[in-house]
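Grab a pencil and work through a few short exercises on this chain. Each one comes with a solution you can follow on the structure.

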Amino acid sequence: MSRFAVFIDADNVPSRIIPDLFKILKERGSIVICKVFGDFSRPNLTSWKSVCLQYNLEAVIAWHTAGKNSSDLKLCQSCVHTLYTHGNINDYVLVTGDGDFTTVIQDLKRNEKNVICMGVESNCSNILKNCCDEFIHWTQTTTPASKISTNGLLVTVTLSPLASS
């Protein structure tokens, strides 16, 4: 059974994906660490407060400054910190669409960690999709309700080729 460390880039994914994310991961194992990164004082991130409280997510505030990727840097730092302090975690989940995380993904894989990336299909970098061990994306859909999740997002699982070490 997998033990997951989950790192969520709130700037790049909507909070409404969290119920599906938890459902997918809990079917595969247990979520040991779950952190959400963003400047939660910004109007577009206010929905995260109730989601963090409901799902017991650790909110990590990264104040937004012009031209800076504060959230991305904190997320990467937290991944590396977890790598060296929680050796018993072998499965890392990055919830983002941002291709800037390829370097930290390479570091995790060099340390024999499985990396799953999750994001909204319309906002995902192809580089990100290709560098992880598995990519799971959500797609907006008009499919009948019997075929979609409760929040209107269809979960599609695609396996990416394993990158050579």
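**Exercise 1: around Met 118**

Take Met 118 in this predicted model and find what it touches, leaving out residues up to four places away in sequence.

Solution. Start with Leu 21 and Ile 24, which Met 118 touches. Next, add the run Val 93, Leu 94, Val 95 and Thr 96. Finish with Phe 135, Ile 136 and Trp 138.

**Exercise 2: the largest core**

Work out which members of the largest nonpolar core touch the most other members, and which elements supply the core.

Solution. The core has 26 residues, and Met 118 is in the top group together with Val 6, Ile 8, Trp 48, Leu 57 and Val 95. Now go element by element: β1 (2–9), β2 (29–38), β4 (91–95), β5 (114–120) and β6 (134–140) each give at least two residues, and so do the helices α1 (18–28) and α2 (48–55). The largest share, 5 residues, is from α1. Then look for a separate second core: it holds 22 residues, including Ile 33, Leu 75, Cys 79 and Cys 124.

**Exercise 3: the whole chain**

Trace the order of helices and strands, then check how the chain is packed.

Solution. Count first: 5 helices and 7 strands. Reading from the N terminus, you get β-α-β-α-β-α-β-α-β-α-β-β. Of the 165 residues, 48% are buried. For contacts between residues at least 6 apart in sequence, 61% link residues at least 24 apart. Last, the surface: about 8,600 Å² is exposed, with 52% of it from carbon and sulfur atoms.

How values were computed. Residues numbered from 1 in each chain as written. Predicted model: local features only at pLDDT ≥ 70, side-chain atom pairs only at ≥ 80, totals over all residues. Heavy atoms only, no water. Helix = DSSP H or I, 4+ residues; strand = E, 2+ residues; numbered from the N terminus. Buried < 20%, exposed > 50% of the residue type's maximum accessible area, 1.4 Å probe, protein only. Contact = heavy atoms within 4.5 Å. Areas by Shrake-Rupley, 256 points an atom, 1.4 Å probe, with all protein chains shown as cover. Core = buried A, V, L, I, M, F, W, Y, C linked by side-chain atoms within 4.5 Å.
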